[in-house]
Amino acid sequence: MARHGGGRGWYGKLVGAALGVTVLAVGASVWTAQADPVGGASPKATASAAPGGDGRPVDVSIAHASDAGARGVNITIDDGPDPAWTPQVLDILREYGVKATFCVTGIQAQAHPDLVKEVVAAGHRLCNHTVSHDTTMDKKSEAYQSKEILDAERMIIKASGGVRSMYYRAPGGAFTPYSRELAASRGMRPLGWNVDTKDFEQPGSDAIVATVEQEISNGPTVLFHDAGGDRAQTVEALRRVLPWLKEQGYSFGFPVR
């Protein structure tokens, strides 16, 4: 699995500017006051939280397969939500009748709860992508990994109005046995990918489309981004890729749990 951007990537600047305002601001109320041991009490989803998981343990292995079967495709969107790009991505998904999995960070979810709610209302699923998108977290302590995952879990639940993430995707694929077990114990299936579009590098929409066309045979889970910079190429690529996949006989689903 590729590691996008190296280290914390674009989140380095964001975290440096925002952690003091965001994570530290919630540190006392979220981490200290609400922290609970793995398997302990956790925030309860409301009656309107049907699109989310129920918090019961799931398989600890990294998921790639689609619940839509052998010709299924899972569209996954990472790093948002972002006020400039997420609405455009949602519009395209709506236009083609496609449901996707949005891997959101705690920082972005807290900053844009309206967009998290919009994602859920449209029938898409949520995925925990940690608080700060630290792609080196597999080199950090278990306490650090736990804080990144559990704080993000709470931040996303709050932003969504009570909906739980159904998956956990480690930034840059920086999974560890511990992080997978922790996420799975909280009802979040570890989520990988088969097709890395490399849209994060802004290679051009033609290159992004070509990557999907050439590599979709590798497996069903395709990785895009809706934050972290100018995502115009991603938006254009999605507009072309989704109908192409339908023309090839693929259907769209969600990653297995």
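## Burial and overall make-up

A residue counts as buried when its relative accessible area is under 20%. By that rule, 54% of the 257 residues in this chain are buried. The structure is a predicted model, and the chain contains 9 helices and 8 strands.

The chain exposes about 10000 Å² of surface, and carbon and sulfur atoms supply 54% of that area. Contacts often link distant parts of the sequence: among those between residues at least 6 apart, 82% join residues at least 24 apart.

## Confidence in the model

The average pLDDT of the chain is 86, and 80% of the residues score at least 70. Residues 5–50 are a stretch where the pLDDT is below 50. In the model this stretch still has 77 contacts beyond near neighbours in sequence. Where pLDDT is low, the predicted coordinates should not be read in detail.

## Helix α9

Helix α9 covers residues 232–247, which is 16 residues. From its first C-alpha to its last, α9 reaches 24 Å, close to the 22 Å expected at 1.5 Å a residue.

Which residues of α9 are buried? They are T234, V235, A237, L238, V241, L242, P243 and L245. These buried residues pack against three strands and two helices by name: the strands β1 (72–78), β7 (221–225) and β8 (251–253), and the helices α3 (86–95) and α8 (205–215). Just after α9 comes G249, which takes a positive phi of about 90°.

## The loop between β1 and α3

Two of the elements that α9 packs against, β1 and α3, are joined by a loop that holds P81. The peptide bond from G80 to P81 is cis, and its omega is near 5°.

## The loop between β6 and α8

Helix α8, another packing partner of α9, is preceded by a loop that starts after β6 (195–196) and includes K198. Phi of K198 is near 55°, a positive value in a residue that is not glycine. Q202 is found in the loop between β6 and α8 as well. Its phi is near 50°, again positive in a residue other than glycine.

Are K198 and Q202 buried or partly exposed? The relative accessible area of K198 is 38%, so K198 is partly exposed. Q202 has a relative accessible area of 37%, so Q202 is also partly exposed. Both conclusions rest on the cut-offs: partly exposed lies between under 20%, which is buried, and over 50%, which is exposed.

Key:
Residues are numbered from 1 along each chain as its sequence is written. This is a predicted model: local features need pLDDT of at least 70, side-chain atom pairs count only at pLDDT 80 or more; totals for chains, interfaces and linings use all residues. Side-chain values use heavy atoms; hydrogens and water are left out. pLDDT is the predictor's confidence in each residue, from 0 to 100. Contact means heavy atoms within 4.5 Å. Helices (H or I, at least four residues) and strands (E, at least two) are DSSP runs, numbered from the N terminus. Buried means under 20% relative accessible area, exposed over 50%, partly exposed in between (1.4 Å probe, protein chains only). Accessible areas come from the Shrake-Rupley method with a 1.4 Å probe; for residues, only the protein chains shown count as cover. The expected span of a helix is 1.5 Å times one less than its number of residues.
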